[in-house]
There are 4 protein chains.
Amino acid sequence: MVHNETSTGVTSDIAAVRRAIDAAGHPALLMVDTISGLACADYQHDGWGVDVTISGSQKGLMLPPGISFNAVSDKAIEASRRAQLPKSFWAWDEILEMNTSGYWPYTPNTNLLYGLNEALDMLLEEGLAQVFARHQRWAAGVRTAIECWGLEVQCQDPSVYSPVLTGVVMPEGIDADAVRRLIYQRFDLSLGTGLGKARGKMFRIGHLGDCNDLTLIATLGGCEAGLKLSGAKLEGSGVLAALDYFAAHPLDGAR
Amino acid sequence: MVHNETSTGVTSDIAAVRRAIDAAGHPALLMVDTISGLACADYQHDGWGVDVTISGSQKGLMLPPGISFNAVSDKAIEASRRAQLPKSFWAWDEILEMNTSGYWPYTPNTNLLYGLNEALDMLLEEGLAQVFARHQRWAAGVRTAIECWGLEVQCQDPSVYSPVLTGVVMPEGIDADAVRRLIYQRFDLSLGTGLGKARGKMFRIGHLGDCNDLTLIATLGGCEAGLKLSGAKLEGSGVLAALDYFAAHPLDGAR
Amino acid sequence: MVHNETSTGVTSDIAAVRRAIDAAGHPALLMVDTISGLACADYQHDGWGVDVTISGSQKGLMLPPGISFNAVSDKAIEASRRAQLPKSFWAWDEILEMNTSGYWPYTPNTNLLYGLNEALDMLLEEGLAQVFARHQRWAAGVRTAIECWGLEVQCQDPSVYSPVLTGVVMPEGIDADAVRRLIYQRFDLSLGTGLGKARGKMFRIGHLGDCNDLTLIATLGGCEAGLKLSGAKLEGSGVLAALDYFAAHPLDGAR
Amino acid sequence: MVHNETSTGVTSDIAAVRRAIDAAGHPALLMVDTISGLACADYQHDGWGVDVTISGSQKGLMLPPGISFNAVSDKAIEASRRAQLPKSFWAWDEILEMNTSGYWPYTPNTNLLYGLNEALDMLLEEGLAQVFARHQRWAAGVRTAIECWGLEVQCQDPSVYSPVLTGVVMPEGIDADAVRRLIYQRFDLSLGTGLGKARGKMFRIGHLGDCNDLTLIATLGGCEAGLKLSGAKLEGSGVLAALDYFAAHPLDGAR
């Protein structure tokens, strides 16, 4: 399952799924993709009983794309060793052995490992609780803007709003990808496209990693101007609403 | 004289000064500081009859600080050679001779020379007319915001508005440096302080080099929120006014 | 099969294998790993009738590790589409479709793509014939050094000497890994270890990508001093032999 | 006076000059240029009674060129304040005042200040005694090579050999600049030219900052090959002599 669904801006309750598996007495392994969630929202591989966690460098870890990571439980390792199927991704023995001495069986992306070291220092210096609160606050500011525009947030359930990105549903008759294209051409701002069924119906605003209140104001400014230039009737100024929100809600211990 | 006055946001009419000197038949050399003006606003060392031009890397040339440049007229070189005073800055013979073969008498800032090469390629590819129009448009957007706030632009004469930076005069009772400090702490945005007589009475917004409409919206957002948090009564939203201005005035051939 | 065997310093005759497959009328696909060979030695995916080629960024392309590449023949694509087995690495349809518009189905290593663009410009400006000749010359210089030491090159067949790296076989009683460790500690030089059966019996000297005659002299200097400090009896100075070789054999059109 | 004479590879006894000035009861200020000496050889602004010290970023501090530094004694500051002459370089009041709060009166080279911070951390972590010993050892290795070639070190007095660079005097009939040019073209190695009276008679080998034994072996290799290609009769191999020297003289606590 996916910890933070990048295509929709919805989070999942990993611990609840684990409890359900356990309640059913089912032996299935629990695998979680937290590529976009890690270091933005709380995530507990051990605490939540996850068997296989997958993440990557290019989201909350604030690095260029180029490396991904696995965390695996003893149960998963045991299953991997017993499994009869031919496997490559799931053949962990070699990398586990090499990792004990700090090496890899194949050539690692050395440069990003230096970056990862620095990124982790930055995150730990800030404190994970602060990091998570920072992302929640940005998400709340962005949702305030969307509400003020009179538009809908893609995620319908407030209890699973993503602190990482927010999907903006287009009003009737507005093609999200045409808006995105106009915003890119006029304002040099690249927004995430709607994926799959949501294609053309929404676009996505990221609010994660190394950004701040004002880079989000810039982003919302580009969205607001682009929507208006595309003929969308907005009920109010989301930019101002978000700016007021950020001004009224200082982040305690903000850096 | 100064081509673009960084402390106030006022430009000077260099050619007019040259004409006045010539009309008076005065032998004075004309020296111009265009450190913040070069590559933001039109500047013509030869065309305007300037004798000594001084510029630097860290403004319109979009580089880190670290190198500055001189352009000198034949008349200035001649005066330098005839001058009896002991001189160091003005002793150009050695550097002029070395420059003919592409070298310097002392160790140059090699790294910035590579950067300069790239920056000049970027500016020439865009075209200087476009570069200057881009800066004028940003300045107009920022002034629109200030006007909408009900505040004054430091420069009182529209014919000499700077395309590089704009000074914002504080309303009665608001300390510009306290506002700047609050904006820096709350929004991670660093604004230029008022200098000399203007200290505490204004702050400065730069709109030059490698920025775009939305980075200016971010800047104006930080200013607007900071002014309000500081108790300033603003007549309207400058952020929205600037956003509307930028949306309504696309830059022809914008990159 | 492997184009350039990194663990031994031996190249393979890809075209001959293709001819043998064809002569036998066998339908097998020909897959070649040229991770360390590409851009060091001639390689012809189409000309040699290769079906699947695999390469990477971190060798002849002079980039950090982090991206790898596939070239696939029509025959391989056809086989992939007909194949019944579940597949992930070999499921090319999605990436082939996205690549036509310059995109990827997953997040690419954007930074290295910029680097790749620059690296390819550098290689093409130099000319591939010159690039290959440059590597052959370095390899010849390194073998001259090894011969002068009275040691053996790991590759016994001169017709398949690698232009990319050369394995140095230790004299009786000398542990290659102890020599490598001493060289690393004393001279800050990291040499490739012997792999598999060759472990402890040889070490490997790379001579590829962005190096030059003198960086190889430095490398050979570290090897020579390290071997002597480890008690190896050398017949002569390989450093001097290589230096003489490089001096006597200028690379035509050397940059 | 100059702490380490870059054009000849000779150091000066700063403390002795101070003692001589004091013994003569002369009020002169003592100004020292340690641009190439600082962080390579011991230097004590306060301990040696220097009044004005000048240094720069691009030598022992291992940074690109772009910033220089002054250290000034109370006596020098006092003299500056009393002096009647118009002054710019020597007008320290403004910068001294700004520096107390960590700022500069003019735009500083911010990027190099970050680099300086890192460079100083590296030097202090290694320990200055170790840094100085490292440079002395490299200089001794290079002189061993020159002696083995049968050539002369430019500096005739062993008590003032420079730990930073060494001048190599050409044998009769060999033009140093022709040798330098050949070495540059054939081996991509750039050596310092002879300056002033020494032009054409010597070249200079730097051994400072971020280098190691093997980069010096590479340098000496380029010199040796270039001298021989230029027709110089060398008595022996300086490369081998230096390699033996470095092997026989490990640096205690070498990194």
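Let's start with a single pair of residues: K228(D) makes a salt bridge with D244(C), and the closest N and O atoms are 3.5 Å apart. Keep in mind that this is a predicted model. Between chain D and chain C the count comes to two salt bridges, and there are also six residue pairs in polar contact, both partners being at pLDDT 80 or more.

Now step back to the parts of chain D that face chain C. The elements giving two or more residues to this side are α6 (176-187), α7 (213-229) and α8 (238-248) of chain D. Of these, α7(D) gives the most, with ten residues. By class, the side of chain D that touches chain C holds 13 nonpolar, five polar and eight charged residues.

How many residues does the contact take from each chain? It takes 26 residues from chain D and 26 residues from chain C. Between them, chain D and chain C bury about 1,800 Å², with 65% of that on carbon and sulfur atoms. If you would like to find the residues of chain D that lose the most area to chain C, look for R186(D), F187(D) and L214(D), which together make up 29% of what that side buries.

Other chain pairs are a different matter. Chain B and chain C share no contact, and their closest C-alpha atoms lie 14 Å apart. Chain A and chain D likewise have no contact joining them, with their closest C-alpha atoms 14 Å apart.

Let's turn to chain A and look inside a single chain. Here you can trace an open sheet of four strands in the order β6-β7-β9-β8, with antiparallel pairing. Its edge strands are β6 (152-153) and β8 (192-193) of chain A, each of which pairs on one side only. Strand β7 (residues 165-169) and strand β9 (residues 202-206) of chain A are joined by five bridges in the antiparallel sense. To see how these two strands line up, find T166(A), which stands opposite I205(A) in β9(A).

Which strands does helix α5 of chain A touch? Helix α5 (residues 128-149) packs on the sheet and touches β6, β7 and β9 of chain A, with its direction making about 5° with that of β7(A). Helix α6 (residues 176-187) of chain A, in turn, lies across β8 and β9 of chain A and runs at about 45° to β9(A).

Notes:
Residues are numbered from 1 along each chain as its sequence is written. Chains are lettered from A and ligands numbered from 1 in the order in which they are written. This is a predicted model: local features need pLDDT of at least 70, side-chain atom pairs count only at pLDDT 80 or more; totals for chains, interfaces and linings use all residues. Side-chain values use heavy atoms; hydrogens and water are left out. Two strands pair if DSSP finds at least two bridges between them. Contact means heavy atoms within 4.5 Å. Axes are lines fitted to C-alpha atoms, for helices over the stretch in contact, and angles run from 0 to 180 degrees between N-to-C directions. Buried area is the accessible area (1.4 Å probe) that two parts lose on being put together, summed over both. A salt bridge is a side-chain nitrogen of Lys or Arg within 4 Å of a carboxyl oxygen of Asp or Glu. A polar contact is a pair of N or O atoms within 3.5 Å; within protein, one must be able to donate a hydrogen and the other to accept it, and residues adjacent in sequence count only if both atoms are side-chain atoms. Ala, Val, Leu, Ile, Met, Phe, Trp, Tyr, Cys and Pro count as nonpolar, Asp, Glu, Lys and Arg as charged, and the others, Gly among them, as polar.
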